[in-house]
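Let's talk through the charged side-chain pairs in this one. Grab the model and follow along.

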Amino acid sequence: MKKVFGLFGYPVHHSMSPIMQEAAFSDCDIMANYHAFLVKPEQLKEAVKSIRALQLGGVNVTIPHKVAVMEYLDEVDEEARQIGAVNTIVNRNGRLIGYNTDGRGYLESLLELTETVVGKNVAIIGAGGAARAVATVLINAQVSQLVIANRTVLKAEALLQRLPNGNTVTEVMSIAELEHTLHKFDIIINTTSVGMSPHADESPLSLTHLKENTVVSDLIYNPLQTKLLMEAEAMGALTLNGLGMFVNQGALSFEYWTEQKPNRQKMTDVVLKQLGGIRC
Ligand code: ATR
């Protein structure tokens, strides 16, 4: 019998997870469907219960449910608790276990570009859920310094309080302060939606003080090259878009559900095709 997996979100119609996960299942010869379920916030509890009733293999969870879903699960993995959000639920014989693969998905894509993050000075722009996932894994991976810069500095301060204790020196800055000290950082990561289609002409940061060979990274993958990445590349930076993070978080979810490693290149190719990219 075909297993059913899915995505709970509101909205979900734009998601590329179904085509990406179905490509992974098909490549591994696993008989499964992956469906995007439109789940209203007031129906989240019922939707989570239905995972057991309908014997779904597992689901991904996206905006706006990643935090709220935690209270309806039987168990939440340590890293997901640190991040304060779940994006993956595994149904183990009726027991629902929550994980978060966003941060690790990001770290894995970053490590394809730079050998190590240990001892690096990192600046994160933004202080929302994505920033928390990325900041948590970077502290756990022992970066040396981590700055959170945000339009609303108070929100960055609140985020800092919720990050795990590690050996990393953490600090909050305004966007202007970060802009003036940009040369001090090895890795700069945009976690805000500034620059995302249809506002591709916007950038969250002026790069005047950027030094060569800095890694500049954007979690956005539509467009694949944001204005921030274009400007950074022109200044000699190494750039990384959000496609790798998206594929990796999905691949890690797939591994939790199936205990098999999916073909990440095939997953990347179907997403690129959907985005109108060139490779496939
Ligand atoms: P997510 O969970 O995806 O990270 P979020 O929690 O809504 O999303 O966080 C969005 C982040 O993008 C916030 O840091 C937000 O800044 P504020 O805290 O000041 O709201 C940032 N952001 C969104 N739009 C922005 C804009 N136009 N300019 C600057 N920052 C912006």
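Q: Is K261 buried or exposed?
A: The model here is predicted, with local features needing pLDDT of at least 70 and side-chain atom pairs counting only at pLDDT 80 or more, while totals for chains, interfaces and linings use all residues. Side-chain values use heavy atoms, without hydrogens or water, and numbering runs from 1 along each chain as its sequence is written. Buried is under 20% relative accessible area, exposed is over 50%, and partly exposed sits in between (1.4 Å probe, protein chains only). K261 has a relative accessible area of 66%, so the label is exposed.

Q: Which residue meets K261 in a salt bridge, at 3.4 Å, N to O?
A: A salt bridge takes a side-chain nitrogen of Lys or Arg within 4 Å of a carboxyl oxygen of Asp or Glu. The partner is buried, at 18% relative accessible area. Both belong to a salt-bridge network that also includes E108 and R264. The side chain meeting K261 is that of E255.

Q: How many residues apart are K266 and D27?
A: Their side chains form a salt bridge at 2.9 Å, N to O. K266 is in helix α10 (residues 264-275) and D27 in helix α1 (residues 17-27), helices being DSSP runs of H or I with at least four residues, numbered from the N terminus. This pair links distant parts of the chain, and the separation is 239 residues.

Q: How many salt bridges are there by this rule?
A: In general, oppositely charged side chains can pair when their charged atoms come close. One of the pairs here is E75 with R95, at 3.2 Å, N to O. The count comes to 11.

Methods:
Helix = DSSP H or I, 4+ residues; strand = E, 2+ residues; numbered from the N terminus.
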